[in-house]
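Me: I have a model open and want to learn how to read it. Where do I begin?
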Amino acid sequence: MQLPNDFNPPHGLAVELQPGLRRIVAPNPSPMTFRGTNTYLLGEQDIAVIDPGPLDDAHMDAILDALQPGQKISHILVTHSHLDHSPLAAPLAARTGAPVLAFGGPQAGRSEVMTMLAKQGLAGGGEGIDTDFRPDIELADGETVEGSDWSLEVIHTPGHLGNHIALAWGDTCFTADHVMGWASSLVSPPDGDLTDFMNACHRLRARKWSVFHAGHGAPISDTSGRLDWLIQHRLGREAQILEALGQAQGTARQLAERIYTDTPAALLPAAERNVFAHLVDLTGRSLVSPIGTLASDAVFKRLA
């Protein structure tokens, strides 16, 4: 799928996407965040701030300056507790009195196998966890959050992070980092679980959506096509790993070196994380098995 590369909005400016919905891009561009984190302002009177973003005074000012006469921030919703999405929630709550709502703290929703790997000492790699994040109100899958002129359905979408949620506003979905408009989602154990990620992709695919508003990048109008691409992208990588294991056993590192032949050496650790995420998923499906204990440095063999 061809991804848009012309998305380059100014930072700090509230842009109307459709009636009742505006977006402000935070000034935190990077290889992990594209142009910056998308913060959404939903509503005409009671304003829901979705993903307040990184700890940045200028972004805080941009959010508050976007409020129009008669508007107040009534809810602060955080889709997940990565450092580019959640740290501004507490200061914004202190300024406005609005509660912070999320699925839970940094380890909420973590799968059993990822909990085991974390206890072994495997640490997350990627965007960084907001370890201090704690919502005022914990949300459950399927719960409805309402303002004076909007209603959001909570959809638990673990995979990128255990506490990750998407938010449905009618047939519009705020997909955060699960489905993005510029790259595939990072799934890095023990914070990310590929089995959970794929299940959440299929769950979103089963519904009809008009548009996805992601945590980074432009709106996605071809919602089913984008989800199909994400699913096929992962299945393609899975096939490569199974083929490589059919030739010889190997660790995640060895398999990454055999599969990612054109990848610069500096990026191989990220590739290794991705391969390990697949190996954990394939182990759970009894297609591969570690020789000994499941661990990031284990040697894996193909079973089927």
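**Reading the model**

Reply: Begin with burial. Of the 304 residues of the protein, 54% count as buried. Keep in mind that this is a predicted model.

Me: What does the protein expose, and how much of that do carbon and sulfur atoms supply?

Reply: The exposed area is about 12700 Å². Carbon and sulfur atoms supply 50% of it.

Me: How many helices and strands are there?

Reply: The protein has 7 helices and 14 strands.

Me: How do I judge the overall dimensions? What radius of gyration would a compact globule have?

Reply: Compare the value with the one expected for the chain length. With 304 residues, a compact globule would come out near 19 Å. The protein has a radius of gyration of 20 Å, which agrees. For the extents, take the principal axes: the C-alpha trace spans about 65 × 40 × 35 Å along them.

Me: Which share of the contacts joins residues 24 or more positions apart?

Reply: Take the contacts with a separation of 6 or more. Residues 24 or more positions apart account for 65% of them.

Me: Now the backbone. What should I look for?

Reply: Look for exceptions. Most residues other than glycine have a negative phi, and most peptide bonds are trans.

Me: Which peptide bond is cis here?

Reply: The one from Pro189 to Pro190, with omega near 5 degrees. Pro190 sits in the loop between β11 (172-176) and α4 (194-205).

Me: And phi? What is the sign at Ala176 and at Ser286?

Reply: Ala176 is not a glycine, yet its phi is positive, about 55 degrees. Ala176 belongs to strand β11. Ser286 is not a glycine either, and its phi is positive at about 60 degrees. Ser286 is placed in the loop between α7 (268-284) and β13 (288-290).

Me: Is Ala176 buried or exposed?

Reply: Buried. Its relative accessible area is 3%, and the cut-off for buried is under 20%.

Me: Last topic: empty space. How is it found?

Reply: Rolling a probe the size of a water molecule over the atoms shows where empty space is left. Here the count is 1 cavity of 30 Å³ or more. The largest cavity has a volume of about 40 Å³.

Me: Which residues line the largest cavity?

Reply: Among them are Gly109, Arg110, Ser111 and Met114. The lining also includes Gly159, Leu161 and Gly162. Pro190, from the cis bond, is there too, as are Asp191, Asp193 and Asp196.

Me: How does that lining divide by residue type?

Reply: Into 3 nonpolar, 4 polar and 4 charged residues.

Conventions:
Residues numbered from 1 in each chain as written. Predicted model: local features only at pLDDT ≥ 70, side-chain atom pairs only at ≥ 80, totals over all residues. Heavy atoms only, no water. 1 Å grid on protein atoms, 1.4 Å probe; cavity = no way out; pocket = protein on both sides within 12 Å on 5 of 7 lines; lining within 4 Å. Points joined across faces, edges and corners; volume = space filled by probe spheres on them. Nonpolar A, V, L, I, M, F, W, Y, C, P; charged D, E, K, R; others polar. Helix = DSSP H or I, 4+ residues; strand = E, 2+ residues; numbered from the N terminus. Rg over C-alpha atoms; globule rule 2.2 N^0.38 Å. Buried < 20%, exposed > 50% of the residue type's maximum accessible area, 1.4 Å probe, protein only. Contact = heavy atoms within 4.5 Å. Areas by Shrake-Rupley, 256 points an atom, 1.4 Å probe, with all protein chains shown as cover.
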